[in-house]
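The following exercises are to be worked through with the sequence and the structure at hand. Each task is followed by a solution in steps.

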Amino acid sequence: MESIGFSQHDHTACVNGGLKAVENTCADKGLRLTKGRRRVLEILLQEHRAMGAYDILGLLSDEGFASQPPVVYRALDFLTEHGFVHKVEKLNAYVACTHPTDQHTPVFLICRGCDTVAETGMPTRSGLKDAASDMGFEIEKTVVEAEGLCPSCQGQAT
Ligand SMILES: [Zn+2]
Ligand SMILES: [Zn+2]
Ligand SMILES: [Zn+2]
């Protein structure tokens, strides 16, 4: 699976595609993608990096959105609950899912230089699940976050 975020790509298509996928899923499932929820998602898609709730709030109020912290938190709760956005625990921040229509375990590659986060797919047959079930443990949620340097930050380091 390609990792989006560190690679060159048509970012306008990427943002529009991400929005469209979520709009379609919401329509199918009868979920309400309110203006605020949609805008929060759009910001995360545009930024391609993990953002804290307060970063998002800052952008929204710059735009004149009458946004209160609870509005942003509720939008993020909705978006993460339905898998449109993931929470990156390490950064206590949020990132838009790059393939929101698939059931998947996200694996995050986090650049410690610029906070860009790329999501990449986990091999579906993960050894972790088998190892856990050998111990009688049933995994409900796995968070995989790897830290390092993205290609452009590696370039700056040399
Ligand atoms: Zn993009
Ligand atoms: Zn995802
Ligand atoms: Zn970087």
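**Exercise 1.** Determine what share of the residues in the protein chain is buried, and examine the overall dimensions.

*Solution.* The model is a predicted one. Step 1: a residue counts as buried under 20% relative accessible area; buried residues make up 35% of the 158 residues in the protein chain. Step 2: a compact globule with 158 residues would have a radius of gyration near 15 Å, and the 17 Å of the protein chain agrees with this. Step 3: the C-alpha trace spans about 50 × 45 × 30 Å along its principal axes.

**Exercise 2.** State how many helices and strands the protein chain has, and give their order.

*Solution.* Step 1: there are six helices and five strands. Step 2: from the N terminus on, the elements run α-α-α-α-β-β-β-β-α-β-α.

**Exercise 3.** Compare the expected span of helix H1 (residues 11–29) with the distance between its end C-alpha atoms.

*Solution.* Step 1: at 1.5 Å a residue, the 19 residues of H1 should span 27 Å. Step 2: the end C-alpha atoms are 27 Å apart, which agrees.

**Exercise 4.** Which residues of H1 are buried, and which are exposed on the other side?

*Solution.* Step 1: Val-15, Gly-18, Leu-19, Ala-21, Val-22, Thr-25 and Cys-26 are the buried residues of H1. Step 2: these cover an arc of only 155° around the axis, and therefore lie on the same side of H1. Step 3: the buried residues of H1 pack against helix H2 (35–47) and helix H4 (69–81). Step 4: on the other side of H1, the exposed residues are Thr-12, Ala-27 and Asp-28.

Methods
Residues are numbered from 1 along each chain as its sequence is written. Chains are lettered from A and ligands numbered from 1 in the order in which they are written. This is a predicted model: local features need pLDDT of at least 70, side-chain atom pairs count only at pLDDT 80 or more; totals for chains, interfaces and linings use all residues. Side-chain values use heavy atoms; hydrogens and water are left out. Helices (H or I, at least four residues) and strands (E, at least two) are DSSP runs, numbered from the N terminus. The expected span of a helix is 1.5 Å times one less than its number of residues. Buried means under 20% relative accessible area, exposed over 50%, partly exposed in between (1.4 Å probe, protein chains only). The arc is that of the directions from the helix axis to the C-beta atoms. Contact means heavy atoms within 4.5 Å. The radius of gyration is taken over C-alpha atoms; the globule rule is 2.2 Å times the number of residues to the power 0.38.
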